[in-house]
Amino acid sequence: MTVSRRLFVTAAAALVASRGTSLALAAPAPAGARLAEEPNFRIPVSPTDSADVLVAKASQVRPTARQIAWQRLERTAFLHFGVNTFTGLEWGTGDEDPNVFQPTGLDTDQWARALRDGGFKLAILTVKHHDGFVLYPSRYTDHSVASSSWRAGQGDVLRSFADSMRRYGLKVGVYISPADENQYLHGVYANGSPRVEHTIPTSVEGDERPDGPTFTLPATDYGAHMLDQLYEVLTEYGPVDEVWFDGAQGRIPPDKVEKYDWDSWYTLVRTLAPDATIAVSGPDVRWVGNEGGLARENEWSVVPVAEKDYGRTDFALSYDAADMGGRDALVAARSVADYVQWWPAECDVSIRDGWFYHADQQPKSVDQLTEIYFGSVGRNAVLLLNVPPDTDGLLAASDVTRLREFRERVDRELPTDLTTGATVTRTPGVVTVDLGREREANRIRLAEDIQHGQQVEAFVVEAFTGGTWTRVTTAGTIGASRILRLTTPVRARRWRVRVTRTRAEARIAEFGLYRSTVA
Ligand code: FUL
């Protein structure tokens, strides 16, 4: 496949370049081809598909390996930190004095310890928010930590963050805001420049970077700026597991619209960070549709999607539709959907009212966080809880305590699984456990083996009491993780889950029973 020194690869393939070798990626394949190596990740639908055909197609959709790994994380954290931390704003202006950024006590190990002790497996840093201020010294902007007198312009929050997270066993995620007020003020963002081929990374005078892969990708001036920054972040800070792009526009005048070069950005990410999920303006992870941390009662990971500008996956239905992937939703979306796609939900919510730290705000209570846990992880979604560092560069003591209390509470809600060591019998659609003696339970945890898709539409949990199988509770979807709470504990030796409606063969991977010690 090598033609002289050009390497032609499908955009999803990893490109490994030896030092001193400059390799160029050919113009990216269209998004459809990009995903071709993951054939069941999405399946085309047509307006003439019947309800049964749509459901059959949805049942054939499968997650990618990186999506399966991501869904297992369950608890992930967001860290909103930047100039807004010091100006008190939620959305910055892009013309801030970089010198306002003075986190004199920055201790990212403290962040990592608190998150680890809270049960979090990955953390996403706002490397760039809408103001355009970046938390590492970038070659491509002065609106960065390097322009602050903090650490004499030598500070690098991204470096400290990435090192600390890995030291404490957390994965690393980066949020790079597509909207960029500072680049707008510099006439780069939404400047009407044509989409033409750019060589990335853009060469900079005096650049002492060792040679690495180069890309030739279509982009506007601003699109190339994003590519250059993504390149820096993804080549100089170790492996990244989640790249977070949102859809917000910041305060940029509404008539100044930059049409983002999604296909080129995705190509770069897939090549430089092949394990990274691209969320939520991305193909791998979907915004749940609210910022309250709550998934739908029945949350589907297979949903109808529309392919928008330059390969961006978008909602076929409204982002906050009450039903996103049920039979009715599939039918309602068929005239506007291009595919049914594995696009699992991420629930982002802040521990405080704002995303950035404000001294007058308080963290949510343990009860609130627990409701969020059951409403997200308990409903087939991943929790993305924001914990904002303060002006010292530390997580507030109250938040650190709350994170630990939250973890302890979840541990008490779901202590030892009573089915450990139980006799398990499986028949089609039914899993029965015999605990050996009567046990009392009031929490039930279920999971499908999502390697085989998401299939269950309805199920009932029963306990053998008084000589007969008695209904304990009933619900709809399961997916990667479903947790049900009983208001009154049930005592029984034999328990079973019986799937009552499914799209294809149901494969129950987990059926756990717990006695919460909270109530
Ligand atoms: C949104 C942003 O506009 C908010 O400021 C925040 O970063 C949230 C997580 O995403 O799109």
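## A walk through the pocket, the cavities and two odd spots

The largest pocket has a volume of about 510 Å³. Asp246, Gly247, Ala248, Trp287 and Glu291 are the closest to its centre, out of 24 residues that line it. Keep in mind as you look around that this is a predicted model.

What are the walls of this pocket made of? Sorted by class, its lining has 12 nonpolar, 6 polar and 6 charged residues. If you want one element to find on screen, try strand E14, which covers residues 312-315. Strand E14 gives the most to the lining of the largest pocket, with 4 residues.

Now for the ligand. Where does the ligand sit? You'll find the ligand in the largest pocket. Around it you can pick out Phe78, His80, Trp91, His129, His130 and Tyr175, and further along the chain Trp244, Asp246, Ala248, Glu291, Asp348 and Trp355. This shell splits into 6 nonpolar, 3 polar and 3 charged residues. Asp246, Ala248 and Glu291 are worth a second look: they are among the residues around the ligand, and they also turn up in the group closest to the centre of the pocket.

Zoom in a bit further and you can follow some individual contacts. His80 has a polar side-chain atom 2.7 Å from an oxygen atom of the ligand. For Trp91, a polar side-chain atom lies 3.0 Å from a ligand oxygen atom. Tyr175 joins in too, with an N or O atom of its side chain 3.4 Å from an oxygen atom of the ligand. And how much of the ligand does the protein bury? Taken alone, the ligand exposes 290 Å², and the protein buries 90% of that.

Let's leave the pocket and turn to the enclosed spaces. Rolling a probe the size of a water molecule over the atoms shows where empty space is left. In this structure there are 3 cavities of 30 Å³ or more. The largest cavity holds about 40 Å³ of space. Its lining is made up of Gln71, Glu74, Asn380, Ala381, Val382, Ala480 and Ser481, which divide into 3 nonpolar, 3 polar and 1 charged.

Finally, have a look at the backbone. Most residues other than glycine have a negative phi, and most peptide bonds are trans. Two spots here go the other way. A cis peptide bond joins Ile200 and Pro201, with omega at about 5°. To find Pro201, go to the loop between strand E8 (196-200) and strand E9 (214-219). The other spot is Ala152, which isn't a glycine but has a positive phi, near 50°. Ala152 belongs to the loop between strand E6 (122-128) and helix H6 (157-167).

Definitions and conventions
Residues are numbered from 1 along each chain as its sequence is written. This is a predicted model: local features need pLDDT of at least 70, side-chain atom pairs count only at pLDDT 80 or more; totals for chains, interfaces and linings use all residues. Side-chain values use heavy atoms; hydrogens and water are left out. A residue is near a molecule or strand if one of its heavy atoms lies within 4 Å of it. A polar contact is a pair of N or O atoms within 3.5 Å; within protein, one must be able to donate a hydrogen and the other to accept it, and residues adjacent in sequence count only if both atoms are side-chain atoms. Accessible areas come from the Shrake-Rupley method with a 1.4 Å probe; for residues, only the protein chains shown count as cover. On a 1 Å grid over the protein atoms alone, a cavity is a set of points where a 1.4 Å probe fits but cannot get out, and a pocket is an open set with protein on both sides within 12 Å along at least five of seven lines; lining residues have an atom within 4 Å of a point. A molecule sits in a cavity or pocket if more than half of its atoms lie within 2 Å of its grid points. Ala, Val, Leu, Ile, Met, Phe, Trp, Tyr, Cys and Pro count as nonpolar, Asp, Glu, Lys and Arg as charged, and the others, Gly among them, as polar. Grid points are joined across faces, edges and corners, and a volume is the space filled by probe spheres set on the points. Helices (H or I, at least four residues) and strands (E, at least two) are DSSP runs, numbered from the N terminus.
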